Amino acid sequence: MKLRASKHSSSLKLKPKLGLVAATFFCFFFFFIAGFLFSSFLSQDAPVLRHRQRVLESVNDDAAVMPDRESGDDSFTSIPYQVLSWAPRALYFPNFAPAEHCQSIIAMAKFGLKPSTLALRNGETAENTKGIRTSSGVFISASEDKTGILDIVEEKIARVTMLPRTHGEAFNVLRYEVGQRYNSHYDAFSPAEYGPQKSQRVASFLLYLTDVEEGGETMFPFENGSNMDGSYDFRQCVGLKVKPRRGDGLLFYSLFPNGTIDPTSLHGSCPVISGEKWVATKWIRDQEQDE
Ligand SMILES: *[C@@H]1O[C@H](CO)[C@@H](O)[C@H](O)[C@H]1NC(C)=O
Ligand SMILES: *[C@@H]1O[C@H](CO)[C@@H](O)[C@H](O)[C@H]1NC(C)=O
């Protein structure tokens, strides 16, 4: 750019009038390009990344729907999500379910609530694990819900995970009142601690049914390898924290693609400080589940 501009300006001397117009034009052009480059240099996001994102977004623009599907859709779908983290692999889905659906799920769960339980390791008892998980909850399967709402939610979860509905456990609808929490834990069961497993939890999808005024975040203390030096206290509320918002979804994978447990998928629920937290959890396994 610079080279060409100076070439031109040397020939300008021969034709002053035309030269002036051309010089003005090239100055203008030069400053425009310089300004553009400078502003993209100033903005913090990497231009390469933004470019790549645009390429991904534009895939749909003029593509034609593929014909002859056996079990797929006959149209394109757009479900917005944000990659929250690669360690753990966690995705955030804003407005995954409408507020009315969240209300209905709470209404159907309300009367069946019981104190939540834990899968116990060798040597653990209900008594000596008291305080680790203090919420109340109830299991409801989509087929039990006559309103059809859980059916819609379950279908959508299957679509975004591409893990068939038959691999999901029933929804576990949970309520956390002020002070209630769930210390950090894995959803997957390490055979070393829990003995041989018939099937393993691959992924967890959390649908937040309420906003929480304060506290109640879902936390991943080992995000990106932090706090993993052995000093972490499992009650501590640190690392990646996701604030519950009614209707939003959070998906994370407990297993690596090779089937071993991702240590950064450790997570918990920070104590609710103010308000009430309701969440519908769907655990998805590597084997089909009996109804
Ligand atoms: C994630 O971890 C890597 C390697 O330990 C480190 O270089 C990087 O800065 C971390 N990123 C963040 C956002 O903490
Ligand atoms: C499984 O995958 C993880 C992450 O890529 C890797 O760190 C680990 O070594 C793998 N384990 C086995 C047994 O292949």
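How many other C-beta atoms lie within 10 Å of that of N224, and is this residue buried, exposed or partly exposed? The close-ups below, all from a predicted model, start with that spot and then move on to the sheet.

**View 1. N224, a loop residue with a positive phi.** Phi sits near 55 degrees here, in a residue other than glycine. For context, most residues other than glycine have a negative phi. N224 belongs to the loop that links strand 9 (218–220) with strand 10 (240–242). As for the opening question, there are 14 other C-beta atoms within 10 Å. Exposed means 12 or fewer and buried means 20 or more, so N224 counts as partly exposed.

**View 2. M162, with its own positive phi.** This is another non-glycine residue to look at, with phi near 55 degrees. M162 is in the loop between helix 5 and strand 5. Just 6 other C-beta atoms come within 10 Å, so M162 is exposed.

**View 3. The cis peptide bond between A87 and P88.** Have a look at omega, which is about 5 degrees. Most peptide bonds are trans. P88 itself is part of the loop between strand 1 and strand 2.

**View 4. The open sheet of eight strands.** Reading across, the order goes 1-2-11-7-14-5-4-3, and the pairing is antiparallel. At the edges are strand 1 (82–86) and strand 3 (114–115); each has a single partner strand, so one side of each has no neighbour in the sheet.

**View 5. Strand 14 between strand 7 and strand 5.** On one side, strand 14 (residues 277–285) is joined by seven bridges to strand 7 (residues 201–208), and the two run antiparallel. Pick out F205, whose bridge partner in strand 14 is K282, and L206, which stands opposite T281. With strand 5, strand 14 shares five bridges, again antiparallel. There, R175 has W278 as its bridge partner.

**View 6. Helices 4 and 5 against the strands.** Helix 4 (residues 99–109) lies across strand 4 (136–140), strand 5 (171–176) and strand 14. The helix 4 direction is at about 100 degrees to strand 4. Helix 5 (residues 149–161) packs on the sheet too, and its contacts include strand 2 (89–93), strand 7 and strand 11 (249–253). Strand 4, strand 5 and strand 14 are also touched by helix 5. Compared with the direction of strand 7, that of helix 5 makes an angle of about 130 degrees.

Note on methods: Residues numbered from 1 in each chain as written. Chains lettered and ligands numbered in written order. Predicted model: local features only at pLDDT ≥ 70, side-chain atom pairs only at ≥ 80, totals over all residues. Pairing = 2+ DSSP bridges. Helix = DSSP H or I, 4+ residues; strand = E, 2+ residues; numbered from the N terminus. Contact = placed C-beta atoms within 7 Å. Axes fitted to C-alpha atoms, helices over the stretch in contact; angles between N-to-C directions.
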